[in-house]
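Please open the model in your viewer and keep the sequence panel beside it, since the tour below moves from one selection to the next.

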Amino acid sequence: MEDEPVNIREYEEIAKQVLPKMFFDYYNGGADDEYTLRENMEAYRRIMLRPRILVDVSRIDMSTTLLGYKMHSPIMVAPTGMHKYAHPEGEVATARAAAACNTLMVLSFSSSQKIEEVASSCNAVRFFQLYVYQKREVSATLVRRAEEYGFKAIVLTVDTPRLGRREKDIKNKLILPQLSNLDGLVSVDIGPKGGSDLEAFASQTLDPSLCWNDIEWLRSITSLPIILKGIITAEDAIKAVEMGVSGIVVSNHGARQLDYSPATISVLEEVVKAVSGAVPVLIDGGIRRGTDVFKALALGAKAVLVGRPILYGLAAKGEKGVKSVLKMLQSELELTMALCGTTSINKITRKHVQTEGDRLRSLL
């Protein structure tokens, strides 16, 4: 009997072994030199924990709420595309695992299964991630379907006026299947093949004119709360609040868009201070341990979104693997909270971490 993985790194190794190189590279790769891809994880490692002792930690409460919806822990499933690359049951397996772990899943527009299929797979709270197309009616149709089938918020990705250069996908000549949610709306048949199908498809369909005024357009077609995903500066965070959005995701798109943009954890505090509590701030990118989750919460995140680890679990063991990954991170977070002397999420404070900036200031 093979040993069960004991951490996310081991799940990654299994995924690398079982997936075709094209698909593993699609999930695991970043833009250009992949500097930001590495930095997303390394930046967490440079943050130290400051535990408090002699606190009664016999009971730990990891629960939290987002937009009024309660979760067992602040660990959510990030929007990632084409789960059927990893497992035949695709996003349905992921959705069931998230529901079993009492956490919230954000379904990607590029899901390999339809909004309706995922919605009917299990009873759970879910958000829907949206891109804006040159043909606005395509995006409007997806929003209407998500709202009709019970999704509770729209997570608008705002960092992709054009697709980042993902060299592994180009070299592998990534094959893009017809995206189920776009059946009858947009074809992925992009003509002569050459490099990455995804790059060619994005260049012909994504709307590079998307701007702040379009938040009003989106609000005009849905009554759902709108969360902006892809903000990494205080200036854009302030503007988002002014536009009346319901939340922000600090994200560099998993380092798949602009290489040499900062690691998300390194700019989280800047964004949190800019919004001053007006809206919840979430974060994704580079999270591989429960200690990473704790660090993000200490720097002001309301919750974290986990992407690649979910795909590793799905590739390795299907729905069971996704459950295992989520429970692993939840268990690591619970242990970190106990060892840091924090019995609930709201007791995790800025004083529980020491950043590079803190260490430099202490030397002055």
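In which helix does serine 331 lie? Serine 331 lies in helix α13, which spans residues 308–339, and the model you are looking at is a predicted one. Colour that serine by accessibility and you will find a relative accessibility of 44%, so serine 331 counts as partly exposed, given that buried means under 20% and exposed over 50%. Now add aspartate 169 to the selection: the two residues are 162 residues apart along the chain, and their C-alpha atoms are separated by 34 Å.

Stay on α13 and select alanine 338, which also belongs to that helix. Leaving aside its neighbours within four places in sequence, alanine 338 is in contact with Val57 and Ile60. If you draw a C-alpha to C-alpha distance from alanine 338 to tyrosine 69, it should read 25 Å, for a pair that is 269 residues apart in sequence.

Helix α13 leads to the next stop, helix α1 (residues 8–18), because the buried residues of α1 pack against α13 and against α2 (21–28). Select Ile8, Tyr11 and Ala15, which are buried in α1. Viewed down the axis of α1, these buried residues fall within an arc of 55°, so they line one face of the helix. An α-helix has 3.6 residues a turn, so residues three or four places apart point the same way. Turn the helix over and select Arg9, Lys16 and Gln17, the exposed residues carried by the face turned away from the buried side.

Next, go to strand β6 (126–130). How many of the residues of β6 are buried? Five of its five residues are buried, and the strand is mostly covered. Show the side chains and you will see Arg126, Phe128 and Leu130 pointing one way, with Phe127 and Gln129 pointing the other way.

The strands beside β6 are worth displaying one at a time. Strand β5 (residues 105–107) runs parallel to β6 and is joined to β6 by three bridges, with methionine 105 standing opposite arginine 126. Following the chain from β5, you pass through helix α5 (residues 115–121) before reaching β6, and this β-α-β crossover is right-handed. Then display β7, which pairs with β6 in the parallel sense, again over three bridges; here the bridge partner of glutamine 129 is valine 155. The chain crosses from β6 to β7 through α6, and this β-α-β crossover is also right-handed.

With β6, α6 and β7 still displayed, add helix α9 (residues 214–221), whose buried residues are Asp214, Ile215 and Leu218. They cover an arc of only 110° around the axis, which puts them on the same side of α9. What covers these buried residues includes β6, α6, β7 and β8 (226–231).

For the last part of the tour, select Tyr26, Tyr131, Arg166, His253 and Arg256, which an unreviewed UniProt entry annotates as "binding site". Tyr26, Tyr131, Arg166, His253 and Arg256 from this set are taken in by the lining of the largest cavity.

Begin with tyrosine 131, in the loop between β6 and α6 (136–148). Its relative accessibility is 10%, so tyrosine 131 counts as buried. Apart from its neighbours within four places in sequence, tyrosine 131 is in contact with Phe109, Ser139, Thr157, Thr160, Leu206 and His253.

Move on to arginine 166, which is found in the loop between β7 (154–157) and α7 (167–172). At 8% relative accessibility, arginine 166 counts as buried. Not counting residues up to four places away in sequence, arginine 166 touches Gly30, Leu198, His253, Arg256 and Gln257.

Finish at histidine 253, which the unreviewed UniProt entry also annotates as "active site". Where is histidine 253 placed? Its place is in the loop between β9 (247–250) and α11 (264–275). With 10% relative accessibility, histidine 253 counts as buried. Leaving aside its neighbours within four places in sequence, histidine 253 is in contact with Tyr131, Thr157, Asp159, Thr160 and Arg166, and among these Tyr131 and Arg166 are covered by the "binding site" annotation from the UniProt record.

Notes:
Residues are numbered from 1 along each chain as its sequence is written. This is a predicted model: local features need pLDDT of at least 70, side-chain atom pairs count only at pLDDT 80 or more; totals for chains, interfaces and linings use all residues. Side-chain values use heavy atoms; hydrogens and water are left out. UniProt positions are given in the numbering used here, feature names are shortened, and annotations may be inferred rather than shown by experiment. On a 1 Å grid over the protein atoms alone, a cavity is a set of points where a 1.4 Å probe fits but cannot get out, and a pocket is an open set with protein on both sides within 12 Å along at least five of seven lines; lining residues have an atom within 4 Å of a point. Helices (H or I, at least four residues) and strands (E, at least two) are DSSP runs, numbered from the N terminus. Buried means under 20% relative accessible area, exposed over 50%, partly exposed in between (1.4 Å probe, protein chains only). Contact means heavy atoms within 4.5 Å. Two strands pair if DSSP finds at least two bridges between them. A crossover is right-handed if, with the strands pointing away from the viewer, the path from the first strand over the helix to the second runs clockwise. The arc is that of the directions from the helix axis to the C-beta atoms.
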